[in-house]
Amino acid sequence: MDLKDFVEKVALTSLKDESYFIVDVIVKGASGKTKILVLLDSDNNFNIDDCADLSRAISNEMEAEAVMDDPYILEVSSPGLDHPLKLKRQYQKNVGRDLKLTLTDASIVKGKLIEVCENTIKFEKEVKEKKKIGSELVEINFDTIEKANVLVSFK
């Protein structure tokens with residue numbers, strides 16, 4: 001089992017309850033300078049203490065199993081706005097928010113996430129016509145979404 005798989009397995013078994021989920025585990029660097037980033041999310045709100053608890057659980061297990069001989073950096077945090085949505089569960093918690101979608105055909109679509117279905121999302125797409133901005137309700141397959149980011153509005 002490689003390092004990423006080990007950390008992901010430990011993280012999954014160390015979650016407080018079913019409302020928490022792991023978005024991604026990213027391992028970067030070479031030995032002696034390895035950084036492990038665990039992206040934690042929840043259907044409900046969570047705080048820095050939840051991240052610290054998971055970090056301690058992963059560190060303790062890594063030390064108990066002597067997974068790393070060299071020093072490493074372990075960071076547990078929320079995905080934040082700079083990380084694209086990856087899981088269907090993340091889309092679900094962002095219903096009603098504005099998204100920027102990059103589709104597999106390289107087109108970019110902005111609008112509001114209305115509903116998450118089995119294999120698609122219902123999306124109120126911005127349509128610009130003659131200096132007016134309108135909208136159109138469209139259904140987009142998950143398979144055609146290359147990247148999806150939540151847009152922050154300061155209105």
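What covers the buried residues of helix 2? I opened the notebook with that one, and here is what I found.

**Ground rules.** I am working with a predicted model, in which local features need pLDDT of at least 70 and side-chain atom pairs count only at pLDDT 80 or more, while totals for chains, interfaces and linings use all residues. Residues are numbered from 1 along each chain as its sequence is written, and side-chain values use heavy atoms, with hydrogens and water left out.

**Helix 2.** I took helices (H or I, at least four residues) and strands (E, at least two) as DSSP runs, numbered from the N terminus. The cover over the buried residues of helix 2 includes helix 1 (3–13), strand 1 (20–28), strand 2 (34–42) and strand 3 (72–77). For contact I required heavy atoms within 4.5 Å. Buried means under 20% relative accessible area, exposed over 50%, and partly exposed in between (1.4 Å probe, protein chains only).

I then looked at the helix itself: residues 48–64, 17 in number, reach 24 Å from first C-alpha to last, close to the 24 Å expected at 1.5 Å a residue. That expected span is 1.5 Å times one less than the number of residues. Its buried residues are Asp50, Cys51, Leu54, Ser55, Ile58, Ser59 and Met62. Seen down the axis they fall within an arc of 165°, so they line one face of helix 2; the arc is taken from the directions from the helix axis to the C-beta atoms. On the other side I found Asn60, Glu63 and Ala64 exposed.

At the N-terminal end, Asn47 is the cap, with a side-chain oxygen 2.9 Å from the backbone nitrogen of Asp49. I count a polar contact as a pair of N or O atoms within 3.5 Å; within protein, one must be able to donate a hydrogen and the other to accept it, and residues adjacent in sequence count only if both atoms are side-chain atoms.

After helix 2 comes Ala66, in the loop leading to strand 3. Its phi is near 50°, positive in a residue other than glycine, and Ala66 is exposed, with a relative accessible area of 52%.

**Strands 2 and 3.** How do strand 2 and strand 3 run? They are parallel, joined by six bridges; strands pair if DSSP finds at least two bridges between them. Leu37 stands opposite Glu75 in strand 3. The chain goes from strand 2 through helix 2 to strand 3, a right-handed β-α-β crossover: with the strands pointing away from the viewer, the path from the first strand over the helix to the second runs clockwise.

**Helix 1.** Here I noted Leu3, Phe6, Val7, Val10 and Ala11 as buried. They cover an arc of only 125° around the axis, which puts them on the same side of helix 1. Strand 1, strand 2 and helix 2 are among what covers them.

**Single residues.** Leu15 sits in the loop between helix 1 and strand 1. Leaving out residues up to four places away in sequence, Leu15 touches Tyr20, Phe21, Ile22, Leu40 and Leu54.

Is Gln90 buried or exposed? Gln90 is buried, at 3% relative accessible area, and belongs to helix 3 (residues 88–93). With residues up to four places away set aside, Gln90 touches Phe21, Val23, Asp41, Pro79 and Leu85.

His83, in the loop between strand 3 and helix 3, counts as partly exposed at 25% relative accessibility.
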